Amino acid sequence: MLDLFYENLEKNTVQLEQWFSKKYAEIDLPIYASVDVRFSGWKVSVVDANYFPAGFNNISEELIPNMSNLFIEYVDKRNLKISHIHILPESHTRNTAYVENIITIREIIKKAGFKVTIGSSELNGYNLLEGITEDVELNHVEIDENNKLLIDGVMPDLILLNNDLTGGIVPGLSGMVLPHTEMGWHKRRKSNHYSVLEELVNEISEIINIDPWILMPMWFVSEEKCLELESCINKLSKDIDSMIERIKQKYTQYGIESEPVVFIKNDRGTYGLGIISIKSGNEIRNLSNRMIKRLTYGKGGESAENFLIQEGIPTSLKSNFSVLEPVSYTIGGEESFWFFRSNSKKNEFDNLNSPSSEFLQKEQILGEIIDEKKMKWFNLVSKLSFLAMGMERAQKK
């Protein structure tokens with residue numbers, strides 16, 4: 001169905017470029033970020049947006065020089081007087097894939113001409129992190145009486161956070177810190193992102209004369225540990241049925257033959273934790289203890305309080321026996337760099353972010369599976385999401 005709207009996208013290219021240029025001038029974009037995109041054929045939408053991306057290692061090495069140049073542009077554009085950048089990572093000492101992510105971030109920054117150190121007070125007991133291609137040497141971190149992070153007695157010019165702060169602020173986050181600490185999961189909510197993204201989608205939909213529903217999922221928020229209260233569960237069940245009915249109406253409107261699915265997610269957190277899918281409100285009344293535990297469990301043992309109820313979008317992208325979804329990474333928010341998450345153990349509605357995932361480069365599937373038309377839709381929604389991240393930050397100032 002998106003093919004029917006592609007002409008609208010093409011003929012409004014100049015107006016779209018002007019709109020984005022105006023927004024880029026108004027909004028301070030994130031230093032880096034990533035988004036997961038779903039493409040069903042009738043819909044293209046960002047389904048998750050990450051301020052502290054942990055998969056840079058899945059991007060083609062050929063793209064690293066370009067990302068380094070964008071890093072320089074980001075620093076120069078903001079007139080940041082920096083030469084020493086310290087990466088403050090998660091404490092995933094046994095996650096070799098995450099370590100590879102840190103290796104790639106370090107390479108991007110080094111190629112941009114900056115001094116790079118890595119470490120945190122939480123990792124001071126380790127000399128290195130074991131990776132797949134190599135090990136990462138850690139720098140000993142000191143935290144002084146003013147909460148300044150010091151390396152060999154010197155404070156870095158910039159702390160680059162690659163720690164999503166689910167458990168709260170960690171020691172040493174003073175001075176210049178990017179991304180801003182307010183965007184950590186101790187404060188940020190996925191629903192914040194959808195709220196501001198919806199504004200942008202509505203604006204862009206007017207330009208290209210398209211139903212905004214085609215560019216983002218339906219959603220609402222269930223708050224205050226609703227699953228622990230029977231009266232609240234009954235209301236939530238009715239609200240979910242209402243959303244499913246609205247999805248069915250859209251499917252009827254556009255002649256779509258598919259069964260609506262709704263995802264229930266922890267409104268804060270990452271790594272695909274705390275996610276279940278249901279097809280009716282009645283299912284929420286009959287959740288097993290195991291499923292409730294799965295839904296309420298968050299990273300680091302932090303239990304969920306609020307839940308994002310989100311329209312499920314199936315992926316129509318398949319390669320052999322695997323389903324695919326596009327994943328976009330950015331430096332500076334204006335350009336998207338893509339790889340594709342592939343999973344042979346999941347179906348078209350499932351969350352693909354699991355240990356069974358593999359990762360493909362665009363060049364590996366460009367052609368019959370992915371064409372330039374699809375890429376333009378992917379780029380449109382990813383750039384809208386990066387703008388929305390900047391707007392989220394502006395609202396927290």
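Start with the crossing of helix 3 and helix 4: helix 3 passes helix 4 in a right-handed crossing (right-handed if the near helix is turned clockwise from the far one by less than a right angle, left-handed if anticlockwise). This is a predicted model, where local features need pLDDT of at least 70, side-chain atom pairs count only at pLDDT 80 or more, and totals for chains, interfaces and linings use all residues. Residues are numbered from 1 along each chain as its sequence is written, and side-chain values use heavy atoms, without hydrogens and water.

Select residues 64–77 and 96–111. These are helix 3 and helix 4; their axes come within 8 Å and cross at roughly 60 degrees. Helices here are DSSP runs (H or I, at least four residues), and strands are E runs of at least two.

Now show side chains. Ile64, Met67, Ser68 and Phe71 of helix 3 meet Thr104, Glu107, Ile108, Ile109 and Lys111 of helix 4 (contact: heavy atoms within 4.5 Å).

Next, select helix 5, residues 190–208. Its 19 residues reach 26 Å from first C-alpha to last, close to the 27 Å expected at 1.5 Å a residue (1.5 Å times one less than the number of residues). Its buried residues include His193, Tyr194, Leu197 and Ile204 (buried: under 20% relative accessible area, 1.4 Å probe, protein chains only). Step to Asn209, just after helix 5: its phi is positive, about 55 degrees.

Move to helix 6, residues 230–254. Its end C-alpha atoms are 36 Å apart, in agreement with the expected span for 25 residues. Ile233, Leu236, Ile240 and Lys250 are among its buried residues. Their cover includes strand 11 (219–222), strand 12 (262–266) and helix 7 (282–285). Finish at Gly255, just after helix 6, with a positive phi of about 65 degrees.

Key. Axes are lines fitted to C-alpha atoms, for helices over the stretch in contact, and angles run from 0 to 180 degrees between N-to-C directions. Buried means under 20% relative accessible area, exposed over 50%, partly exposed in between (1.4 Å probe, protein chains only).
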